[in-house]
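Let's take a walk through this one together, beginning at a ligand site and then moving on to some charged pairs. Have the model open and follow along.

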Amino acid sequence: MFLGLDSSTQSLSAVILDPASGEILASHSVNFGNDLPQYGSPSGFIPGGKDGEVHANPLMWLEALDLLFNKLSKEADLSQIQIIAGSGQQHGSVYLGAGFDAALSKLDAGKGLVEQLSPELTRNTSPIWMDTSTGEECAEITAALGGSSEVCARSGSVAIERFTGPQIRRFSKQDGEAYSATTRIHLVSSFIASVLAGKSLPIDYGDGAGMNLLNLADLAWDTDLLEATAPDLGNKLLPPASCLEQQGTVSAYFTEKYGVPSSCKVCPFTGDNPASLVGMGATTPGQVVISLGTSDTFFAAMPDAKTDPQGFGHVFGNPAGGFMSLICFRNGSLAREAIRDELGVDWSAFEKGALQLTELSAGKNLTLPFYGAEITPRHDFGSPVTEFIEEPTPALRIRSLLEGQFLNMKLHSAWMGVTTDRIRLTGGASKNDGIAQLVADVFQAPVERLDVANSAALGTALIAATVGGNDLEALQKIFCKPAPDSLLQPNPALAGKYSTALEQFGKLLAATIGA
Ligand code: ADP
Ligand code: XUL
């Protein structure tokens, strides 16, 4: 049996699977808001942060770990677990003092993790990925390296507010004393992995690439970026490693308390997005995942470490080897909901039947689909910009907005230079057949939907099973199956229309933002 964990923004989840039977034996989740209300973090972070700060309490993650193992040990025979892998929300960081590793090595199973490890924190709270407070630090790091294209070429992303390097810099400037007392900095992922292993484990390449510190060319911490970020930072980080390299066995704490065998191996944890790439069965180039949630994200495997010349996209390590892109679009469901409410319709107006009536107009009427600020491209649009050559009926406005969203995605993922052979669609809006068909038509690629509740936790269980000697692609065929009847084929008659539309969309966008 193999265990995968995912410590995400709102919950800690586990999946236990058995590759021999092809079955998921147990899956469990601890919701931070509902199950641990004493931390005052209904959505997984401390509300009311000032100046763009969004922090979470790392003790909440530890308490969730005890709670989750307690639940799991009642449901499954944990003595059969051979390997544990995992992931965490990306970019968040945990600050620890000189006694951390010693405390990990002698955890007492008669006590809880919180009481034993809280004295080792040098910073009570952890900045997480929603934090936007580090604009000044991003500018300083960028200037020190001689420009954003240099930061991007080395680390895979321009300096980004939520990324860990700028967050570490802000801490070192704000509280130099506490920063000096910090001897180890972990990501959320490597923090949880370390607690499980009873010693500090390295940050993995997948998650490490979300720090503006990892040099993608040699997969080592970049000495210039370290220096530009904070004093003595190199000594506070372990050298990065692959999440496929097991790093010793589980701590006696988990053996005595929950029955995990002492022979159980622990791997470095990766980021939740790299783990989702595995769980969505998309680790080979040509497979693209589009998640249509509150925001939309586009992620895909890449053979080489190419970077986005415009600096909107990010490059992380692919757990299966090579790299992956991650491109975020702020105006996802938020924009779809805005036009839905503006027109006073419901989601059925976005369904296949309703949109088929407008198929003759495919690609004719353009919409830059942004309500307010967007991050890809970075611009504050105020409201959508339209260029209609037909009467803007409600149905055409919906079609044009959706086309605009996916043309924008296509335009801003072209830098990867990877052809899209198949798209796996996930997130709340993916169940809408009209939206899914438009994705297939604009990208001219088949679209499948997956019935996966937690793709990151599934992905890490698959990583654990792979480290245990199973073939990843074979595992993905069993565990990452598309939902029955979910396949949609592109309409080839629309290919030419959408390639013209892409060109026109690019021109309208450039004229609007002055690029
Ligand atoms: P997140 O995980 O980012 O919070 P989800 O992936 O759960 O979001 O997606 C939720 C969103 O999906 C809702 O905000 C809603 O706008 C959208 N959604 C739900 N059902 C439909 C539907 N039938 N058609 C289009 N969009 C939908
Ligand atoms: C990626 C990002 C989020 C977090 C939380 O850059 O900030 O997707 O990983 O899920």
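Keep in mind that you're looking at a predicted model. Start at ligand 2 and find Asn 273: an N or O atom in the side chain of Asn 273 sits 3.0 Å from an oxygen atom of the ligand. The protein covers 87% of the 290 Å² of accessible area that ligand 2 has on its own.

Asn 273 has company here. The side chain of His 91 brings an N or O atom to 2.7 Å from an oxygen atom of ligand 2. Gln 90 joins in through its backbone, with an N or O atom 3.0 Å from a ligand oxygen. Zoom out a little and you'll see what surrounds ligand 2: Gln 90, His 91, Trp 129, Arg 162, Asp 272, Asn 273 and Leu 326. Sorted by class, that shell comes to two nonpolar, three polar and two charged residues.

Now for the charged pairs. Side chains of opposite charge can pair when their charged atoms come close. In this model the count comes to 16 salt bridges, and three of them are worth a stop.

Go first to Glu 137 and Lys 173, whose side chains meet in a salt bridge at 2.9 Å, N to O. Glu 137 belongs to helix H5 (residues 135-145) and Lys 173 to helix H7 (residues 164-174), so this pair ties together parts that are 36 residues apart in sequence. What about burial? Glu 137 is buried, with a relative accessible area of 3%, while Lys 173 counts as partly exposed at 37%. Both residues also take part in a network of salt bridges that links Glu 136, Glu 137, Glu 140, Arg 169 and Lys 173.

Next, look at Glu 150 and Arg 154, where the closest N and O atoms of the salt bridge are 2.8 Å apart. This one stays inside a single helix: both residues lie in H6 (residues 148-155), four residues apart, or about one turn. Glu 150 is partly exposed at 31% relative accessibility, whereas Arg 154, at 19%, is buried; the cut-off for buried is under 20%.

Last stop: Glu 342 and Arg 397 form a salt bridge, with their closest N and O atoms 2.7 Å apart. Here Glu 342 comes from helix H14 (residues 333-343) and Arg 397 from helix H16 (residues 394-411), so the pair ties together parts that are 55 residues apart in sequence. Glu 342 is partly exposed at 47% relative accessibility, and Arg 397 also counts as partly exposed, at 26%.

Methods: Residues are numbered from 1 along each chain as its sequence is written. Chains are lettered from A and ligands numbered from 1 in the order in which they are written. This is a predicted model: local features need pLDDT of at least 70, side-chain atom pairs count only at pLDDT 80 or more; totals for chains, interfaces and linings use all residues. Side-chain values use heavy atoms; hydrogens and water are left out. A residue is near a molecule or strand if one of its heavy atoms lies within 4 Å of it. A polar contact is a pair of N or O atoms within 3.5 Å; within protein, one must be able to donate a hydrogen and the other to accept it, and residues adjacent in sequence count only if both atoms are side-chain atoms. Accessible areas come from the Shrake-Rupley method with a 1.4 Å probe; for residues, only the protein chains shown count as cover. Ala, Val, Leu, Ile, Met, Phe, Trp, Tyr, Cys and Pro count as nonpolar, Asp, Glu, Lys and Arg as charged, and the others, Gly among them, as polar. A salt bridge is a side-chain nitrogen of Lys or Arg within 4 Å of a carboxyl oxygen of Asp or Glu. Helices (H or I, at least four residues) and strands (E, at least two) are DSSP runs, numbered from the N terminus. Buried means under 20% relative accessible area, exposed over 50%, partly exposed in between (1.4 Å probe, protein chains only).
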